[in-house]
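Visitor: I have a model open on my screen and would like to learn how to read it. Could you walk me through it?

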Amino acid sequence: GKMQIMNMNRGAFATSRGVTSHCSRRPMALKGPLGLMHRKIGSSKVALRNQVRVAASGRPDANLDESLQLVKNMLEEASNQHMGDSMHAIYGAAAALESDRLQELADRTSDEQLYSMGVEPSSLDVELAAAKLSMAAGHLASVERELSALRISSGATGDASAISAMEGARREAQSALEYRWGKMAHALWTRVSQPSRPPPKAPRDSQSTAPAAATVDAPTEQAPAPTAAPTPAVDKKAEQLRREGQKKEGKEPRVPPASKQDPEDEVQCTACGTGRELLLQGFNWESSKHSWWRTLAGQVEAIKKDGFTGVWLPPCSQSLSEQGYMPTDLWNLNSRYGSESELRDLISAFHQQGIKVFADIVINHRCANLQGPDGKWNTWSGGKMAWDATAICSNNPDYGGRGNPKQGDEFGAAPNIDHTQDFVRRDIIEWMQYLQSYGFDGWRFDFVRGWPGGYAKEYIEHTNPYMAFGEYWDSCNYTDSVLDYDQDSHRLQTLDWCEATGGRASAFDFT
C-alpha cells in the first residue's frame with residue numbers, strides 16, 4: 001500500500017510513454033496525469049523525490065506520513081482532471097520503478113550475494129521479467145486510451161495524420177509487450193526446468209565459523225580515455241557503444257547489447273516498417289542461372305496483384321558464388337543476376353507499383369581477390385574497399401587476419417570481416433548509402449550470428465532505411481531425431497539480437 005504510492009510518485013518523474021519495439025524505453029515529454037504532476041511539482045521535484053527515498057529507507061529523520069500525503073494529493077488532483085487515463089499511466093510508472101530497482105540489484109549483485117540475501121537468482125530473473133512486462137502492459141493501455149480519446153474527439157473530420165501517428169505508437173507498444181511476454185515465458189521456463197544451484201558451503205578449514213558479510217560493490221565510473229587524435233564520427237559512436245556495454249564481470253566488449261544503452265539515448269530510426277508488410281523472397285537458389293533482373297521485371301504487376309508490399313532481392317554485388325553470398329567487389333553491381341542498369345530499372349518498376357525493395361547485405365565475410373605478402377588470400381585491389389589483412393578477424397588463421405578477434409560465429413569459407421575497425425564500418429556505410437542511390441528501401445542482413453547487433457544498429461542509424469531485418473539462423477532442439485515442441489530458447493536468441501540493434505531491426509523466425 002504505502003510503498004506502492006511512493007513507487008507511483010517516483011515513477012512519475014522517471015518514466016513516460018516511451019517504450020519502443022523490441023528494446024527499451026526512453027524519457028519523452030510527460031502527458032496526461034503524469035504531465036500534470038510534473039508541472040505541479042515544478043522545481044521542487046528533486047527535493048520531493050529525495051524525501052520519498054528517505055521515507056522509504058526507514059531512517060530516523062524520515063517523515064513518512066508527510067511524504068505519503070504529498071504524493072497522495074498530487075495523484076488525486078491528477079486523477080480528478082484525467083479520470084479516463086490516469087490509472088494506466090500510474091500503473092506503468094510504478095512498474096517502471098520496480099523494474100529499475102530489480103535491474104540495479106541484478107547488475108550489482110553476484111549469485112552468492114543473492115543467496116546470502118535469501119534470493120535465488122532465477123527467482124530474481126522472474127521478478128525482473130514480470131516488472132518489465134507490467135511496465136509494457138501499462139504503456140500499451142495508456143496508448144490505447146489516448147488513441148480512443150483522439151478518435152472520439154476528432155470525429156469524421158479528424159486529423160488523419162495524428163491518428164495515424166498514434167496508431168504507429170500503439171503498434172510499437174504492442175510489439176514491446178509481445179517481446180516482454182517472450183522474456184517472461186523464458187524466465188519461467190528457466191526457473192522450472194533449471195532450478196538454481198544451492199548456495200556454496202563454507203570451506204571446512206575456514207578459520208572463522210561466522211558467515212562472511214555480503215558486500216555489494218558500488219558502481220565504478222570508467223576512467224577517462226587518454227588524449228588521442230580526433231576520430232571520425234563513426235568511431236565516436238562505436239566508443240559510446242563500448243562505454244555503455246560494460247559487463248558485470250568487468251570485461252568491456254567492443255560492441256554492447258542495446259539493452260545496456262543509456263535510456264536517455266534517443267531512438268531516431270526504428271526501421272521496423274508498419275508491421276503490415278507482406279514480403280516476397282524475389283529469388284531462389286537457381287535464379288542466378290537466368291537473366292533474373294529482366295525476368296523479375298516482367299512479373300512486377302503480378303506481384304502487386306498478389307498483394308505483396310515488399311520484395312527481398314538477392315545479393316546484387318560481384319561474387320565468387322553464383323548466388324551472391326561470397327562477395328568480392330561490393331561496389332560492382334554487375335552480377336550473375338544482371339547488369340547495374342537492369343537492377344536500377346527493376347527497382348524503378350517496383351516503385352511504380354508502390355512496392356518496397358530490400359537489398360541482401362552480406363557483410364559477415366568477403367572474398368579477397370589477391371594474395372598478401374604471407375601468400376594468403378587477404379588483400380583487395382583498387383576500388384572503394386581496397387582492404388588488407390587488418391580488415392580480417394585475427395582468429396581467421398586460414399586468411400592471416402590481423403584485426404581483432406571474431407565477436408560472433410565463424411564462417412570458415414571466407415575471410416571474416418572485423419567490424420571493430422573504423423575504416424571497415426565507414427566503408428560499409430558508404431556502400432550501403434550507394435545502394436540507396438539505386439532506390440533500395442531497406443536491408444536484409446545476412447548471417448547476423450557472425451557479428452553483433454550493435455553494428456547493425458550503427459549501419460541502420462547512418463542509412464535510415466524504411467525497414468531492416470536479420471537472418472539469425474539457429475538449429476532447432478531435437479530429442480532422438482524428433483523436433484521438440486518447445487523452441488523458446490532459440491526464439492529468445494533471435495529476440496536478443498533484435499534488442500541488440502536497439503529495436504531498429506526485426507528478424508526472421510525460423511522456428
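Guide: We will go through the sheet, a helix, some backbone angles and the cavities. Keep in mind that this is a predicted model.

Visitor: Let's begin with the sheet. How many strands form it, and in what order?

Guide: To read a sheet, follow which strand pairs with which. Here 6 strands make an open sheet with parallel pairing, and the order is β1-β2-β3-β6-β7-β10. The edges are held by β1 (279-281) and β10 (506-507); each has a single partner strand, so one side of each is left without a neighbour in the sheet.

Visitor: Which strands does β6 pair with, and over how many bridges?

Guide: Strand β3 (residues 356-361) runs parallel to β6, and 4 bridges join them. On that side, F358 stands opposite G442, and I361 has F445 as its bridge partner. Strand β7 (residues 467-470) is also parallel to β6 and joined to it by 4 bridges. There, R444 stands opposite F469 and F445 stands opposite G470.

Visitor: And what comes after β7 in the sheet?

Guide: β7 pairs with β10, again in the parallel sense, over 2 bridges. One contact to find on your screen is F469, whose bridge partner in β10 is S506.

Visitor: Are the faces of β6 buried or exposed?

Guide: Look at alternate residues of a strand to compare its two sides. In β6 (residues 442-445), G442 and R444 lie on one side and W443 and F445 on the other, and all of them are buried. In β7, M467 and F469 are on one side, A468 and G470 on the other, and all are buried as well.

Visitor: What links β6 to β7, and which hand does the unit have?

Guide: The helix to look for is α14 (residues 453-463): together with β6 and β7 it makes a right-handed β-α-β unit.

Visitor: How do I read the length of a helix? I was looking at α7.

Guide: Here is the general idea first. An α-helix has 3.6 residues a turn, so residues three or four places apart point the same way. Now the case: α7 (residues 121-154) has 34 residues, and from its first C-alpha to its last it reaches 50 Å, close to the 50 Å expected at 1.5 Å a residue. Just after α7 comes G155, with a positive phi of about 70°.

Visitor: Which residues other than glycine have a positive phi?

Guide: Most residues other than glycine have a negative phi, so a positive one is worth a look. Two examples here are N464, with phi near 50°, and S481, with phi of about 70°.

Visitor: Where do N464 and S481 sit, and are they buried or exposed?

Guide: N464 is in the loop between α14 and β7, and it is exposed, with a relative accessible area of 52%. S481 is in the loop between β8 (478-479) and β9 (482-483). S481 is exposed too, at a relative accessible area of 72%.

Visitor: What about A413? Where is that residue found?

Guide: A413 belongs to the loop between β5 (377-379) and α13 (422-437). With 45% relative accessibility, A413 counts as partly exposed. You can also compare sequence with space: A413 and D398 are 15 residues apart in sequence, and their C-alpha atoms are 9.4 Å apart.

Visitor: Last topic: how many cavities of 30 Å³ or more does the structure hold?

Guide: Rolling a probe the size of a water molecule over the atoms shows where empty space is left. In this model there are 5 cavities of 30 Å³ or more. The largest contains about 60 Å³ of space, and the second largest has a volume of about 50 Å³.

Visitor: Which residues line the largest cavity, and which classes do they belong to?

Guide: Its lining includes C393, P405, K406, D418, H419, W451 and Y455. By class, that lining has 6 nonpolar, 4 polar and 2 charged residues.

Visitor: And which residues line the second largest cavity?

Guide: Among them are P315, C316, S317, D360, V362, W431 and L435. The lining of the second largest cavity divides into 7 nonpolar, 2 polar and 1 charged. You can trace D360 back to the sheet, since β3 covers residues 356-361.

How values were computed. Residues numbered from 1 in each chain as written. Predicted model: local features only at pLDDT ≥ 70, side-chain atom pairs only at ≥ 80, totals over all residues. Heavy atoms only, no water. 1 Å grid on protein atoms, 1.4 Å probe; cavity = no way out; pocket = protein on both sides within 12 Å on 5 of 7 lines; lining within 4 Å. Points joined across faces, edges and corners; volume = space filled by probe spheres on them. Nonpolar A, V, L, I, M, F, W, Y, C, P; charged D, E, K, R; others polar. Buried < 20%, exposed > 50% of the residue type's maximum accessible area, 1.4 Å probe, protein only. Pairing = 2+ DSSP bridges. Right-handed = clockwise from strand over helix to strand, strands pointing away. Expected span 1.5 Å × (residues − 1).
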